[in-house]
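Trainee: Could you take a close look at a single part of this model and then relate it to the regions around it? I would appreciate one connected account, with the criteria behind each term.

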Amino acid sequence: SSDVCSSDLLTKLADGTNPSWSPDGNKIAFKSDLPGISLMNADGSGLVRLTDHPADDYFPFWSPDGKRIAYVVYRVASSFELWIMDRDGRDKYQLTAESGNPSWFPDSKRIGFSCRDGNRTAFCSLTIEGRKQEKLFDFEGYAHVTRLSPDGKQVAFNSTRDGTINIWIASQTGAPRQLTFDREMAAFAAWSPDGKWIAFEKKRGEDDHICIIPSGGGEAIQLTNDRGKS
């Protein structure tokens, strides 16, 4: 809303990607134009860098209790590693040698991420303590940009299995189901806190718009109509 999106905030986010709001709404972690992940207050003040790896860092994601941030470290011509740190950037350590974008489970004790299962993509969980990994969901093919539901029982993901990038949903019971049926692109799902809606990005030519759709399926509602990338 206009009372939150100050000019200072928008200026700093203009050169960044993957913004992630803290659960209390007071902080934003994001991938800045500099190497690493940055953190700032919701009004655009207090900008600090949390990471400065020789590699590059992406997809910061806050734990539900607001105490930690998971993120992905990319090493050129190598792999995407899953890392974790405290909310102030301290106590950084690596969790996996290969990972997709991370999602937290509701208890803040496990992280979910896309993992390889032969030639297919699956969704795994990993406990912070003990590093116990378990495969939970099978995408039955290639999937990317996964996002766990707030209750931890479903995963929304991008797939091109119908020929166009659309959003599909997988659960631990039954085959994955297609949620959007767009002709150009519908992707990058974000669940509402109650799990009833999914916000996503819809492509129309050179423009991208923000839409929402019931997570159980139904008609999408377009929220933005401006030119450019939303």
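Mentor: Strand β15 is joined to strand β16 (residues 177–178) by two bridges, and the two strands run antiparallel. Strands here are DSSP runs of E with at least two residues, numbered from the N terminus, and two of them pair if DSSP finds at least two bridges between them. The model is a predicted one, in which local features need pLDDT of at least 70 and side-chain atom pairs count only at pLDDT 80 or more, while totals for chains, interfaces and linings use all residues. Residues are numbered from 1 along each chain as its sequence is written, and side-chain values use heavy atoms, with hydrogens and water left out.

Within the pairing of β15 with β16, tryptophan 168 has glutamine 178 in β16 as its bridge partner. The two strands form a hairpin with five residues between them, and glycine 174 in its turn has a positive phi of about 90°. Strand β15 also pairs with strand β14 (residues 154–159), in the antiparallel sense and over six bridges. One of the partnerships there sets valine 155 against alanine 170 in β15. The hairpin of β14 and β15 has six residues between the strands, and glycine 163 takes a positive phi near 100° in it. Strand β15, which spans residues 166–171, is mostly covered, with five of its six residues buried. Buried means under 20% relative accessible area, exposed over 50% and partly exposed in between, with a 1.4 Å probe and protein chains only.

Burial also describes the largest nonpolar core. A core of this kind is a set of buried Ala, Val, Leu, Ile, Met, Phe, Trp, Tyr and Cys residues joined through side-chain atoms within 4.5 Å. This one has twelve residues, among them Leu82, Ile84, Leu95, Trp104, Phe113 and Leu126. Two or more core residues come from each of β7 (80–86), β10 (110–117) and β11 (120–127). For leucine 126, contact (heavy atoms within 4.5 Å) extends to Leu95, Thr96, Lys109, Arg110, Ile111, Phe113, Arg131, Lys132 and Gln133, with neighbours within four places in sequence left aside.

Cys115 and Cys124 also belong to this core. They form a disulfide, with their sulfur atoms 2.1 Å apart; the criterion is a pair of cysteine sulfur atoms within 2.5 Å. The structure holds one such link. The angle about the S-S bond is 75°, and the link is right-handed. Both cysteine 115 and cysteine 124 are buried.

Threonine 121 has its place in strand β11. Because its relative accessible area is 3%, threonine 121 counts as buried. Residues touching threonine 121 include Ser114, Cys115, Arg116, Phe139 and Ala143, when those up to four places away in sequence are not counted. A polar atom of the threonine 121 side chain lies 3.4 Å from the backbone nitrogen of alanine 143.

Strand β7 leads to an open sheet of four strands, ordered β5-β6-β7-β8 with antiparallel pairing. Its edge strands are β5 (56–62) and β8 (93–96), each of which pairs on one side only. Neighbouring strands of this sheet are turned by 35° against each other on average, direction ignored; the axes are lines fitted to C-alpha atoms, and angles run from 0 to 180 degrees between N-to-C directions. Three bridges link β7 and β8 in the antiparallel sense, and isoleucine 84 stands opposite tyrosine 93 in β8.

Another open sheet has the order β17-β18-β19-β20, again with antiparallel pairing. In it, β17 (186–191) and β20 (221–222) each have a single partner strand, so one side of each is left without a neighbour in the sheet. Four bridges join β17 to strand β18 (residues 197–204), and tryptophan 191 has isoleucine 198 in β18 as its bridge partner.

Glutamate 219 sits in the loop between β19 (207–214) and β20. Glutamate 219 counts as exposed because its relative accessibility is 69%. With neighbours within four places in sequence left aside, glutamate 219 is in contact with Ile212, Ile213 and Pro214. The C-alpha atoms of glutamate 219 and leucine 179 are separated by 9.8 Å, although the two residues are 40 apart along the chain. Cysteine 211, by contrast, is buried, with a relative accessible area of 2%.

Technical notes:
Polar contact = N/O pair within 3.5 Å; in protein donor to acceptor, adjacent residues only side chain to side chain.
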